[in-house]
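User: I should like to learn how to read individual features of a structural model. May we work through one together?

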Amino acid sequence: MREHLRKLQSVVALVIMATALGFATDKFLTIENGVNVLRQISVNVCLSIGMTMIIVAGGIDLSVGSVLALSGAVAAGLLKTGLALTPLDVALQFTTLGAIVAGIAVGAALGLFNGVAITRFGLPPFVATLGMLSIARGLTMLWTGGHPITTLGSEFGFLGTGAVLGVPMPVWIAGGLTALFELVTRRTRFGRHLYAVGGNERAAALSGLSVNRIKLAVYALGGALAGVAGLLTAARLDSATPNAGFGYELDSIAAVVIGGTSLSGGRGTIIGTVLGCLIIGVLNNGLVLLQVSPFWQQVVKGFVILAAVAIDRASRGED
Amino acid sequence: MPDLLTDSESGDVLLSARGISKSFPGVRALDNVQITVRRGRLNAVLGENGAGKSTLMNILAGVFPPDAGEILMKGRRQTFKRPHEAQQAGIAIIHQELNLLRELSVAENIFLGREPRTRLGLVNYSGMHRDAAALLAPLDLSVDPGTQVRKLRLGAQQVVEIAKALSLDARVLIMDEPTSALSDHEVEAIFRLIRQLKARGVGIIYITHKLDELPHIADDVTVLRDGKCVAAEPYGKRPHDELIRLMVGRELAELFPKSVAAIGEEVLRVANLSLRRSEHSADYTVCPTSLRVRQGEIVGLFGLMGAGRTELLQCIFGLHPRRSSGEIWIEGKRRSIRSPRQAIAAGLALAPEDRKVDGLVLAMSVAENIGLAAGATARGIGLADPRREGALARRYMNQLGIKTPTVAQPVRYLSGGNQQKVVLSKWLTIKPKVLLLDEPTRGIDVNAKREIYSLINELARGGLGVLMASSELPEILAIADRIVVLSEGRVAGEFSRDEASEEILLKAALPSGRPPARQAG
């Protein structure tokens with residue numbers, strides 16, 4: 001019961017914000033603007049789904065912004081110029097689908113690397129993914145030579161700018177992933193085991209769970225989802241820029257925390273996180289519509305994060 | 001109270017506590033207990049695990065207040081609300097687990113929170129080191145006060161704790177099994193130090209299990225049993241045998257009826273299983289040990305604190321693959337067990353000592369906790385079916401009598417006894433062959449204890465082999481068919497149910513004062 005009330009808190013906050021903005025500006029409560037907000041948050045939703053699962057399992061991933069950039073850049077580069085394997089005297093050409101798969105695979109591989117650093121070498125997740133934040137950004141610079149890779153073709157561009165039934169593709173993708181991972185976290189053994197590992201790793205291991213394998217999987221998944229976010233970003237702009245996704249890890253963690261996920265693990269939901277993304281998205285959108293300076297926007301966002309978590313803690317009481 | 005007046009007039013009573021009682025939910029931990037500490041004398045406190053020693057020490061050190069009774073320090077009545085207040089009154093306690101910050105220096109530890117400052121408000125390190133050296137010199141510890149504590153040997157760390165207590169001007173020093181982890185040489189040094197402290201007029205309360213230490217240091221003895229004080233007298237009035245007899249004799253509130261199961265084939269055989277202190281160490285925490293458990297049999301594993309009970313069970317369950325060696329046979333087949341997963345696959349289950357830390361995911365529901373082991377052993381990604389999980393959990397809830405409004409209740413809100421039943425249910429879902437129990441009723445009230453005992457009996461009747469480690473004699477005697485006694489990591493005896501009595505078991509379990517276990521060859 002209490003759990004339901006708490007979930008309602010985010011919804012209530014969202015409704016209040018939307019109503020207030022609706023009165024403040026007649027540009028807010030329009031279908032066009034609504035779709036706009038959803039499109040804007042879709043990248044953060046992809047990142048934050050992975051982030052939620054990682055945090056629920058007791059970890060954290062600071063590298064998602066950089067992984068996003070490298071995945072997008074690799075997909076764009078493969079699509080545009082292919083891959084020249086000079087020693088073998090072979091040049092590989094990639095179809096759009098091939099490039100997409102490769103981009104997601106790069107994200108998954110980087111995530112897996114995080115997982116290996118954490119499980120096999122015992123690094124704290126904060127440190128392991130901080131390292132990857134720098135590694136992946138550096139690799140992106142090397143891969144792109146520091147220049148954006150542009151004109152990626154309409155097929156690829158459809159991912160970012162296309163629409164089906166009037167709904168933009170990124171919104172379809174983010175929505176689909178939300179539904180999929182809501183199911184995964186609620187109804188699969190893997191999903192439930194994330195909560196067990198994050199709630200009490202020792203008890204989980206003593207109950208026979210392969211804690212390391214679960215962690216490897218969740219970091220790889222988080223990386224793959226960052227890869228998807230990278231594709232969406234590149235497709236939307238028709239350009240993979242080397243500094244794409246800079247600082248996105250913070251927005252992602254903010255959305256997860258606003259959504260009621262405990263940073264100490266074991267508790268949180270995908271739906272809550274998506275609500276958190278929406279709150280941040282509506283806030284950004286509203287402040288722009290109200291022509292608040294971008295500098296003030298950051299200040300306000302920071303206070304909203306603090307308030308949301310303070311309210312969540314207070315309503316939880318016993319903690 | 002005229003006798004009190006004479007005590008304080010004579011001037012040699014430092015601390016006197018009278019009529020101390022304390023209850024915890026379901027347990028009467030202390031019942032009208034008294035203890036007196038005199039200037040320059042050491043009062044050795046004896047008692048089985050659970051007799052109430054640590055509760056008494058915690059009350060004297062201000063960790064929590066007594067329900068009834070009074071504490072007098074030099075004749076003045078004291079009510080401690082916090083450890084700090086006991087400290088100010090002159091009572092210092094040195095816990096078995098030392099309370100030092102390992103990364104800080106010796107001097108920083110001694111003066112933690114009271115660092116001397118320079119005029120600029122910075123820490124005056126030269127002054128602090130000088131004062132620390134002055135404190136340490138008479139204690140025979142010649143280390144640089146700037147040394148990090150983690151670089152010191154355990155015995156030296158203990159001396160640092162003592163120095164800290166003395167710098168707080170402690171008149172009464174409580175020491176909780178200070179020698180349990182020390183080498184012979186270090187024990188000698190601690191004894192010398194104790195004699196020196198006594199000569200300086202410090203009164204000492206000394207908790208120990210090692211009776212052969214008493215002739216070296218004890219002046220008085222206090223024996224606790226079942227929360228009551230059964231003896232308080234000068235040391236030497238009775239022989240050790242009689243002291244042991246006083247320590248035992250705890251009773252369960254009601255005698256527990258043991259039902260005898262048909263004992264079948266051997267299900268677990270452990271041969272020469274040992275646990276080294278560290279990966280490259282020749283020291284053993286558990287010396288090579290062999291034992292076996294048959295179907296329907298409950299084997300009790302008795303030992304005092306630090307005897308190696310928990311560690312032995314953990315080795316069997318594959319928790320120390322790098323430090324342990326030996327063979328494990330399940331139903332006559334040799335199994336390699338190097339992780340809990342392999343242990344579970346081989347048919348073992350472990351209900352650990354600390355349920356909240358090792359046994360349960362407290363934030364998850366009763367049903368999810370019960371489903372955990374089955375979920376871990378199932379193959380494939382697999383969809384979890386909450387309805388089936390709920391039905392399964394409800395079945396065990398009824399069968400084991402778990403008291404909870406619904407199976408969706410987070411397990412953290414259950415009482416200790418019901419939490420233990422959840423742990424047992426979790427294992428029963430995967431039908432183990434051998435159940436390893438570590439202190440199965442720790443922190444559980446008397447009625448729930450009886451329920452757990454009858455549950456264990458019932459499981460044994462169903463053909464399960466049970467290996468139950470416990471430090472509580474009444475518990476072991478109530479349900480074990482056979483009892484293996486561990487002392488300092490070795491098997492110190494094996495007794496059938498008929499042979500065993502509290503006295504015999506405790507005598508076997510008491511450390512003999514042998515040098516610490518070392519690998520032969």
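User: Is A:Leu165 buried or exposed?

Analyst: This is a predicted model. A residue counts as exposed when its relative accessible area is over 50%. A:Leu165 has 76% relative accessibility and therefore counts as exposed.

User: Where is A:Leu165 found in chain A?

Analyst: A:Leu165 lies in the loop that links strand 4 (163-164) with strand 5 (167-168) of chain A. Its phi is near 55°, a positive value in a residue other than glycine.

User: Which residue of chain B has a positive phi although it is not a glycine?

Analyst: B:Asp169 has a phi of about 65°. B:Asp169 sits in the loop between helix 6 (154-167) and strand 7 (172-176) of chain B. With a relative accessible area of 53%, B:Asp169 is exposed.

User: How many helices and strands are there in chain A?

Analyst: Chain A contains 13 helices and six strands. Of its 319 residues, 53% are buried, where buried means under 20% relative accessible area.

User: How is the radius of gyration of chain A to be read against that of a compact globule?

Analyst: One compares the value with the one expected for the chain length. For 319 residues a compact globule would have a radius of gyration near 20 Å, and chain A, at 20 Å, agrees with this. The C-alpha trace of chain A spans about 65 × 55 × 35 Å along its principal axes.

User: What share of the accessible surface of chain A belongs to carbon and sulfur atoms?

Analyst: That share is 70% of about 14400 Å².

Methods:
Residues are numbered from 1 along each chain as its sequence is written. Chains are lettered from A and ligands numbered from 1 in the order in which they are written. This is a predicted model: local features need pLDDT of at least 70, side-chain atom pairs count only at pLDDT 80 or more; totals for chains, interfaces and linings use all residues. Side-chain values use heavy atoms; hydrogens and water are left out. Helices (H or I, at least four residues) and strands (E, at least two) are DSSP runs, numbered from the N terminus. The radius of gyration is taken over C-alpha atoms; the globule rule is 2.2 Å times the number of residues to the power 0.38. Buried means under 20% relative accessible area, exposed over 50%, partly exposed in between (1.4 Å probe, protein chains only). Accessible areas come from the Shrake-Rupley method with a 1.4 Å probe; for residues, only the protein chains shown count as cover.
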